[in-house]
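Reader: I'm new to reading pockets in a protein model. Could you walk me through it?

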Amino acid sequence: MTDELHPMLRARRPLIFTRPAERLASDTKNSIEMGANALWLEGFARFGKTYGARQLVQSTRWRPFPMYIAEYSYTRPTKPGEGYFANGLLEQHGQVVAKTALSVQSIMRYTRMLREQAQRHGAEVVSLIFNEANRFTVDEYENLLTIDNELEKYVRTFHILINQCDASRYGPAGIDKRPPRHLFGRYFTTTHSYTGLLWDIPENERCQQALSDVALAFREYDEELIWPQGSGISHTRHFAAKAYAAGWRLGTQIDLIKEVINDIRTEHGLGAVCEWPMQTFEHFVYFVLVRIAGENPDFIELTKADIRNALMRACYLHIEPGYQGGQE
């Protein structure tokens, strides 16, 4: 039954490939080829860091070597230790763990499992992605080092450490937040700053990128996401058939959308828009296609009021850096 629903109406909507995710893939590839042990990935909350990392898991085109990749979330332990750390990783693989197990037993069991997965996938590199790595203390990095030292007897490791830039305990900059040298050299020497969808093309990418990140993302819905498969019907065409036939696309109103966004930002003391967080962008597109266009068979194009309504429904302001709250 779920497969009969349009992808935009399902509990889990489709991921689109974005330029920020492509930039992350490029930096990750370069870091692995260079011989780094980890990539410190940072950005503001809800800008799409985890979204981008999951696209790395789903795609193999960017990988310089055969890889096995696992993703984890890290909680806030009251009494962290090697056993807690390894058991938490095992449990996220659906493994049953004994609470009385010695930490060395849990670590050996976990590394043995990863070695088996690497062998099964023909992987030369094992990559672990940690969400909320900003919760790590020196102890967690020491535990990760123990795991790496055991694994690297058999297979190379590479980690992606996802951090909120305003919530990190440790980082590659700032002496007061810098971890011990042996950890810094392994986990903090290569970094990537994850942005939202950029409204302007970066200077160093203009030779190979003709449209902004936002325009490219709109084009995914306008032209690239097709359902049913092979039908030629894009998501925009499905929900706005009459407007689509007349030439309307999300991308055709990008200048008006940006104008309304900047009007809203000015009203709340924010500067001109530079990037669009992935969360509010995706929610905005959903509301425009499914609610505004999809529920109006006579829909032709968005008005300023439509755009403002969709932005408010997507809670555009609330995750913008610098927003202090107030009356909308």
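Author: Sure, let's start with residue classes. Asp, Glu, Lys and Arg count as charged, Ala, Val, Leu, Ile, Met, Phe, Trp, Tyr, Cys and Pro as nonpolar, and the others, Gly among them, as polar. Keep in mind that this is a predicted model.

Reader: Okay! How much space lies in the largest pocket?

Author: About 790 Å³. Its lining is made up of 23 residues, and Leu15, Arg46, Thr50, Tyr51 and Arg54 lie nearest the centre of the largest pocket.

Reader: Which helix gives the largest share of that lining?

Author: Helix 2, with 5 residues. At least two residues each come from helix 2 (49-58), strand 4 (156-164) and helix 11 (278-293).

Reader: And how do the classes divide in the lining of the largest pocket?

Author: You'll find 7 nonpolar, 9 polar and 7 charged residues there.

Reader: Now the second largest pocket: what is its volume?

Author: That one comes to about 270 Å³. The second largest pocket is lined by 15 residues, and Arg19, Glu22, Leu216, Arg219 and Glu220 are the closest to its centre.

Reader: Which helices each supply at least two residues of that lining?

Author: Helix 1 (19-34) and helix 7 (213-224) do. Helix 7 gives the largest share, 6 residues.

Reader: So back to the classes: how many nonpolar, polar and charged residues does the lining of the second largest pocket have?

Author: Here the tally is 5 nonpolar, 3 polar and 7 charged.

How values were computed: Residues numbered from 1 in each chain as written. Predicted model: local features only at pLDDT ≥ 70, side-chain atom pairs only at ≥ 80, totals over all residues. Heavy atoms only, no water. 1 Å grid on protein atoms, 1.4 Å probe; cavity = no way out; pocket = protein on both sides within 12 Å on 5 of 7 lines; lining within 4 Å. Points joined across faces, edges and corners; volume = space filled by probe spheres on them. Helix = DSSP H or I, 4+ residues; strand = E, 2+ residues; numbered from the N terminus.
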